Amino acid sequence: MSSTPVLTASPPPSATSRSSLFSISTTTTHFPPSPDKLAFLIDKSKSIHHLLQVHAVLLRHDLNHRTALNFKLQRAYSSLGRLHYSLVLFNQTPERNIYFYTSIINAHALYGLDQQALFFYVQMLSQGITPNEFTFSSILKSCALEYGKMLHCQVIKYGFDSDLYVRTGLVDVYARRGDIVSARQLFDGMPERSLVSLTTMLTCYAKHGELERARVLFDELVEKDVVCWNVMIDGYAQHGMPNDALVLFRRMLAAKVRPNEITVLSVLSACGQIGALESGRWIHSYIQNNGIQMNVRVGTALITMYSKCGSLEDARLVFDRINDKDVVAWNSMLVGYAMNGFSQDALQLFNEMCQKGLELTDITFIGVLSACAHAGLVSEGWSFFNAMKDEYGVEPKIEHYGCMVNLLGRAGRLEEAHDLAMNMKIEPDPILWGALLGACRLHGNLALGEEIADFLVSRNMANSGTYVLLANMYAAKGNWEAAARVRTLMKDSGVEKEPGFSSIEVKNKVHTFLAGDMKHPRSKDIYKKLDEMNGCVRANGYTPQIDTVLHDIGAVQKELLLEVHSEKLALAFGLLSTQAGTTISIVKNLRVCSDCHAVMKLISKITGRRIVTRDRNRFHHFENGACSCGDYW
């Protein structure tokens, strides 16, 4: 069996080769260097060029058969990325002991070649060589759960199940593959725990969303290195708890632990999720002033963060300054333009990608199709969708079909969207059906909406959005009895409606508001500002859109409900708490209502403030009385 070379290169010097490159005194005096000196030189070799020189000297003086030197060479070659060289030396070694086998197993495991590592382990056993604790620690690094369970039996058989490093390796095997119960049982049975084993279990919990258990373990750690902090912060960021990620990051700074690249990637993700632009800019400044390399990964994370915070100017500045941009960076900028509604910029960037010969990915086309959906470019969307596989070799996924259904639905071509959903090669998911149901609500097609809702309920695919949209469709038609019936069905089914809220960041702190919220410390000032806003917009021609309030109540009550929508409370707080002329950024977890949309347009004109609102579907950039969406959303 042969190993897959990690890097393609010529094999190491053969026994017959002679090299004059190694310039040490022995090349002119003809006295062979001592084995100890050669061993020292092998250990100190930092480049493949230097190691090949040392190897040539061994061959010249016929020292290549010395077991200790051969072992060191084998290990050094693999550490410098020449796994193929290590394998050649291993195969040329006549008498291989446990150290040779452990070294070659470890080398393959480090490169993720678990099948080859397992092959050498079996070969070792067949030659009567007994594994030691280092053998098991090595082979467990990358093995699949199936083989990990078999190796677990071997660990018990040879009596290494109490060894700290071996047991940590076993915890890692079960943790990586999602077997939290087995990982926890092994972890609990450890007589002593190292920082590595604690971090392994912490990673297991954080990766699989067991954040409460992860936090308990994290808080119990007496000493926390940067890896522990990163694991916990990333766990929060990856599982929808961005505020907790930012709070923990501030604690990390207070504890004088120096963040690294992994830290800032997680924190930037958290900032993007909640639209915390001020915090994101602070992180950007920290990167620039604290020696964190501005590589493609960090640059792409900054582009994504700025895009999700509605600051396309900052995103583009970062994009333009990245050297050697890969397709991921291009995709990030393209998707940023698309989600913010700058469709023409997104399509122009797509053309640039094609001109540069970049290999387009499925993410590229998600961005392009989203750009078409936000601008109502139906024919262009179909053109891109059809070209995906035929011209670019990218197989459409469920996300691409979802973009097309969204594009057609928003454009009012509901039957066409429904036909696409029914004739897809892939089984439509609830998200796709939800987009079509939302389009039915937008265009008032109750018959098709009922059909889709019945379909979802009958297949247990309905979520809170399904019931809410259908109830709202009935309410919009004045059928209050049917609307109440749907809400009752929703309650009886145990489905809870997602509460709407809006958030705004002021002075690096995120403030969240519900409709009619009175819990904020400055509620009295906020409602006073809200009254002032209402007076200003009414004086400028605003009429409350009471038809958007889908409750069977009087007109005055409907107006009162509209006045205290969460996004208006956030806007009032923003006007109170930020300097005149600065941009106000608001994040809404649901679709912004048309009444709030109209108010924000007027406020942007009256105050001369730019207002950026991110809702569930897209961004709205309000400026001088107009919105970037062109009232198409």
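This is a short walk through one predicted model, from its overall build to its charged pairs and a few individual residues.

Let me begin with the whole chain, keeping in mind throughout that what we are looking at is a prediction. The protein has 33 helices and six strands, and along its principal axes the C-alpha trace spans about 100 × 55 × 50 Å. Of its 633 residues, 50% count as buried. If we take the contacts with a separation of 6 or more, residues 24 or more positions apart account for 63% of them. The protein exposes about 30400 Å², and carbon and sulfur atoms supply 52% of that area.

Turning to charge, there are 64 positive and 63 negative side chains, and the centres of the two sets lie 6 Å apart. The structure holds 20 salt bridges, and I would like to go through a few of them, with attention to where the partners sit along the chain.

One of them is within a single helix: R215 forms a salt bridge with D219, with the closest N and O atoms 3.0 Å apart. Both residues lie in helix α13, which covers residues 211-220, and they are four residues apart, about one turn of the helix. D219 has a relative accessible area of 43%, and is therefore partly exposed.

The next pair is E313 and R610, whose closest N and O atoms are 3.8 Å apart. This pair links distant parts of the chain, since E313 belongs to helix α19, residues 312-321, while R610 is in the loop between α33 (594-607) and β4 (611-614), 297 residues apart. As for exposure, E313 is partly exposed, because its relative accessible area is 46%.

Then there is K568 with D595, a salt bridge in which the closest N and O atoms are 2.4 Å apart. K568 lies in helix α32, residues 566-577, and D595 in helix α33, so the pair ties together parts that are 27 residues apart in sequence. Are K568 and D595 buried or exposed? Both of them are buried. Beyond single pairs, salt bridges that share partners join R184, D188 and R193 into one network.

Staying with charge, but now at the surface, we find a negative patch formed by E415, D419, E451 and D454. The elements that give two or more residues to this patch are α25, residues 414-422, and α27, residues 446-458. E415, to take one of the four, is found in helix α25, and at 47% relative accessibility it counts as partly exposed.

Now to the backbone, where two lysines deserve a careful look. Most residues other than glycine have a negative phi. K256, however, has a positive phi of about 65° although it is not a glycine. Where does K256 lie? K256 is found in the loop between α15 (242-254) and α16 (261-274), and with a relative accessible area of 75% it is exposed. The other lysine is K507, whose phi is near 55°, again a positive value in a residue other than glycine. K507 lies in the loop between β1 (501-506) and β2 (509-514), and its relative accessible area of 70% makes it exposed.

From the loop that holds K256 we can step into helix α16, where S266 lies. S266 is buried, with a relative accessible area of 3%. Which residues does S266 touch, once its neighbours within four places in sequence are left aside? The contacts are with I233, D234 and A237. In addition, the C-alpha atoms of S266 and L246, 20 residues apart along the chain, are separated by 9.4 Å.

The last residue is A109, which has its place in helix α6, residues 98-110. A109 is buried as well, because its relative accessible area is 4%, and buried here means under 20%. Leaving aside neighbours within four places in sequence, A109 is in contact with A117, S138, K141 and S142. By contrast with those contacts, T203 is 94 residues from A109 in sequence, and the C-alpha atoms of the two are 20 Å apart in space.

To close, the points I would keep in view on the model are the salt bridge between E313 and R610, which links distant parts of the chain, the buried pair of K568 and D595, and the negative patch to which α25 and α27 each give two or more residues.

Key. Residues are numbered from 1 along each chain as its sequence is written. This is a predicted model: local features need pLDDT of at least 70, side-chain atom pairs count only at pLDDT 80 or more; totals for chains, interfaces and linings use all residues. Side-chain values use heavy atoms; hydrogens and water are left out. Patches are made of residues with over 30% relative accessible area and no salt bridge: like charges are joined within 9 Å, nonpolar side chains (Val, Leu, Ile, Met, Phe, Trp, Tyr) within 5 Å. Accessible areas come from the Shrake-Rupley method with a 1.4 Å probe; for residues, only the protein chains shown count as cover. A salt bridge is a side-chain nitrogen of Lys or Arg within 4 Å of a carboxyl oxygen of Asp or Glu. Lys and Arg count as positive and Asp and Glu as negative; His and the chain ends are not counted. The place of a charge is taken as NZ of Lys, CZ of Arg, CG of Asp or CD of Glu. Buried means under 20% relative accessible area, exposed over 50%, partly exposed in between (1.4 Å probe, protein chains only). Contact means heavy atoms within 4.5 Å.
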